[in-house]
Amino acid sequence: MSATTFDVLIIGGGAHGASLAFHLSRRGVKVAVLERRHLASGATGRSSGLVRMHYDLEAEARLAWEAFQWFRDWKERVGGACGFTRTGFIQLAPREKAQALQANTQMLQRIGVPTFLITAEDVKRLAPAFYTDDFDYAAYEPESGYADPVLTASSLMEAARSHGAALIQDCQVTALLTRSGRVYGVQSTKGEFHAPQIVNAAGAWAGQICQMAGLNLPLSTWRHEVMYVLRPPALRLPHPTVIDFPNLMYFRPEGQLTLVGLEDGNPQGEDPESGEHVRPGFVERAIDRLCRRIPKMEEAHLHSAHAGYDGLSPDQHPLIGPIGPQGFWLDCGFSGTGFKISPAVGLCLSEWMLDGAPRTVDITIFHPQRLLEGRRLQGEHPYGDIWL
Ligand SMILES: Cc1cc2nc3c(=O)[nH]c(=O)nc-3n(C[C@H](O)[C@H](O)[C@H](O)COP(=O)(O)OP(=O)(O)OC[C@H]3O[C@@H](n4cnc5c(N)ncnc54)[C@H](O)[C@@H]3O)c2cc1C
């Protein structure tokens, strides 16, 4: 076997590429991650890092719950650090979504997630500075919070390397090599690499890699902007991590800072090379939303703002599984919510690739074949698209 021949090539060194490399290599598979820049230079390095389990699709909730247990026990399971910080998580829902909130909280409880329904008065007790007159109920996850996406990817990759995986950086894949309907390698800016299995974990660039495989899938891109503010002295104590559905916003603490992102106004279909600055008006809109929930944030100071790109699927759910030439797999389409599930997706996909079927969580529901059949995934009690 030459130095450039592997069992599996993973295109993309984000949280998902690193996670899959970790799970495959600890089972003795010879893996290489090919990354055009450096580890976590895509969405993973821009991610807000929320770690919560509240989803309206059970398979995603199961992945988030499995992944949460990896984040919680990171040192023992992976080694190194993932920066997991427990803050408690509150999912706020508008009154017209209260029934879905209740049903989804019951689904989460059924699969073992520590969560329960609380009232607006309870939210006020947990977070006295919050305005609580625009909803009646919320779902609370006392164990959830956020993690550090770059540390997560680098400790997964470090552990993978200790099991023999290779990380090849500054290595852009430029073509897929196929023969008789099978993949056998890639061409890259660092030469040819060969393997009988190739995984597309290229995030916002995954559509380009699919085209190299002769697949014209409706994979798009999603641009997302976030802002950090320094909380005023009256709000110095950390607050919970929150998805604020009534205000189409999420926020979480980071020391004395608060990170804010908006669920609307995230452009779709842009070239992911369009820049990481935020667009005019974003900071004002984000501050206005934050002040609606926490009026005292009027006295906060802007700290910084940035943007990033993720891969977007038509139904805003992941695309995981084999498609196109034999040996070609997708591990992409995470649609702005993929960081928190990355430790679990890598585990389940490694089972699928090595054992013929995922065992820990059945991720076959995310098979990309649904795109060809025009099917959309949605939960039993859907909140609707996450990103508007
Ligand atoms: C601003 C922002 C905030 C977010 N907040 C959250 C959050 O709070 N919680 C959450 O769960 N998710 C969040 N997400 C989504 C989450 O970050 C992503 O779903 C996740 O990081 C995707 O990881 P990935 O490994 O699939 O992709 P990426 O991290 O984008 O990695 C793909 C890699 O592929 C490389 N690549 C591309 N083309 C090639 C090529 N031809 N050859 C070699 N390498 C190539 C890229 O350089 C990149 O490093 C957020 C995303 C953004 C942008």
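Strands here are DSSP E runs of at least two residues and helices are H or I runs of at least four, numbered from the N terminus.

Setup: I'm working on a predicted model, where local features need pLDDT of at least 70, side-chain atom pairs count only at pLDDT 80 or more, and totals for chains, interfaces and linings use all residues. Residues are numbered from 1 along each chain as its sequence is written, and side-chain values use heavy atoms, with hydrogens and water left out.

Ligand shell: I looked up which residues have a heavy atom within 4 Å of the ligand. I got 37, with E35, T44, L50, D310 and K340 the closest. β18 (301–312) contributes the most, 3 residues. I also find at least two residues each from α1 (15–25) and β14 (220–230).

Placement: Domain 1 (8–46 + 150–219 + 314–373) and domain 2 (85–144 + 222–308) both feed the shell, so the ligand sits between them. Those bounds come from an automatic or database domain assignment.

Polar contacts (N or O pairs within 3.5 Å): I checked the ligand oxygens. The side chain of K340 puts an N or O atom 2.7 Å from one. For backbone N or O atoms, I read 3.0 Å at G338 and 3.1 Å at G49. Alone, the ligand exposes 1,000 Å² (Shrake-Rupley, 1.4 Å probe), and the protein buries 99% of that.

β14: I count 9 of its 11 residues as buried, meaning under 20% relative accessible area with a 1.4 Å probe, protein chains only. I see β14 running antiparallel to β18 through 11 bridges, with M227 opposite A305. β14 is also antiparallel to β17 (residues 257–262), through 5 bridges, and there V229 faces T258.

Conventions
A polar contact is a pair of N or O atoms within 3.5 Å; within protein, one must be able to donate a hydrogen and the other to accept it, and residues adjacent in sequence count only if both atoms are side-chain atoms. Buried means under 20% relative accessible area, exposed over 50%, partly exposed in between (1.4 Å probe, protein chains only). Two strands pair if DSSP finds at least two bridges between them.
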